[in-house]
Amino acid sequence: MSLSATRIQSSSMMMMKQPSVPQSYKNDTTPAASPQVYSILPVIGLEFLAIAITKAVLPKMLLQHYPNQVYLVMGCAECSKGLLAFICCPWFGKLSDRIGRK
């Protein structure tokens, strides 16, 4: 191959059409920009608050009232939290299906 043929071939490769991006990808918004992401933040905040109260505040309060049975009462509190979540999560799921986003 001659030098001029190589130049023509490389210039024609540069002029080749780039693969196009589908239109649905061009206008797609990122999850951080959508309002649905911001609506979940209070739920996450309340969950962290519930964890912080049961792990940090409750033992100090229990030491004042039940100094010899702190671990028993903490175990009962954690157990009741798990049982309530087990009972209420399906109910809240049905409720959100009924009145939630359509």
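Is Cys79 buried, partly exposed or exposed? In this predicted model, Cys79 has a relative accessibility of 46% and is therefore classed as partly exposed, since that class covers the values between the 20% limit for buried and the 50% limit for exposed residues.

The secondary structure of the protein chain consists of four helices and zero strands. Read from the N terminus, the order of elements is α-α-α-α. Of the 102 residues in the protein chain, 5% are buried.

Helix α3 covers residues 35-65 and contains 31 residues. At 1.5 Å a residue, a span of 45 Å is expected for α3, and the C-alpha atoms at its ends are 45 Å apart, so the two values agree. Helix α3 nevertheless carries a kink of about 45° at Leu58. The proline Pro59 comes shortly after this kink.

Helix α4 covers residues 70-99. The helix has 30 residues, and the distance from its first C-alpha to its last is 41 Å, close to the 44 Å expected at 1.5 Å a residue. A bend of about 30° is found in α4 at Cys88, with a proline, Pro90, following within four residues.

Two packed helices are described by the angle between their axes and the distance between the axes. For α3 and α4, the axes come within 10 Å and the crossing angle is roughly 155°. Angles over 145 degrees count as roughly antiparallel, so α3 is roughly antiparallel to α4. The crossing of the two helices, α3 and α4, is right-handed.

Val73 is a residue of helix α4. Its C-alpha atom is separated by 9.7 Å from that of Leu58, with the two residues 15 apart along the chain. Leu58 is also the site of the kink in α3. With a relative accessible area of 24%, Val73 is partly exposed, because a residue must fall under 20% to count as buried.

A disulfide is a covalent bond between the sulfur atoms of two cysteines. The number of disulfides in the model is zero, the cut-off being a sulfur separation within 2.5 Å. Cys79 takes part in no disulfide, and the nearest cysteine sulfur, belonging to Cys76, lies 7.0 Å away. Cys89 is likewise in no disulfide. For Cys89, the nearest cysteine sulfur is that of Cys88, at 7.3 Å; Cys88 is also the residue at which α4 bends. The relative accessible area of Cys89 is 52%, so this residue is exposed, the limit for that class being over 50%.

Notes:
Residues are numbered from 1 along each chain as its sequence is written. This is a predicted model: local features need pLDDT of at least 70, side-chain atom pairs count only at pLDDT 80 or more; totals for chains, interfaces and linings use all residues. Side-chain values use heavy atoms; hydrogens and water are left out. Buried means under 20% relative accessible area, exposed over 50%, partly exposed in between (1.4 Å probe, protein chains only). The expected span of a helix is 1.5 Å times one less than its number of residues. The bend at a residue is the angle between axes fitted to the seven residues ending there and the seven starting there. Axes are lines fitted to C-alpha atoms, for helices over the stretch in contact, and angles run from 0 to 180 degrees between N-to-C directions. Angles under 35 degrees count as roughly parallel, over 145 as roughly antiparallel, 65 to 115 as roughly perpendicular and the rest as oblique. A crossing is left-handed if the near helix is turned anticlockwise from the far one by less than a right angle, and right-handed if clockwise.
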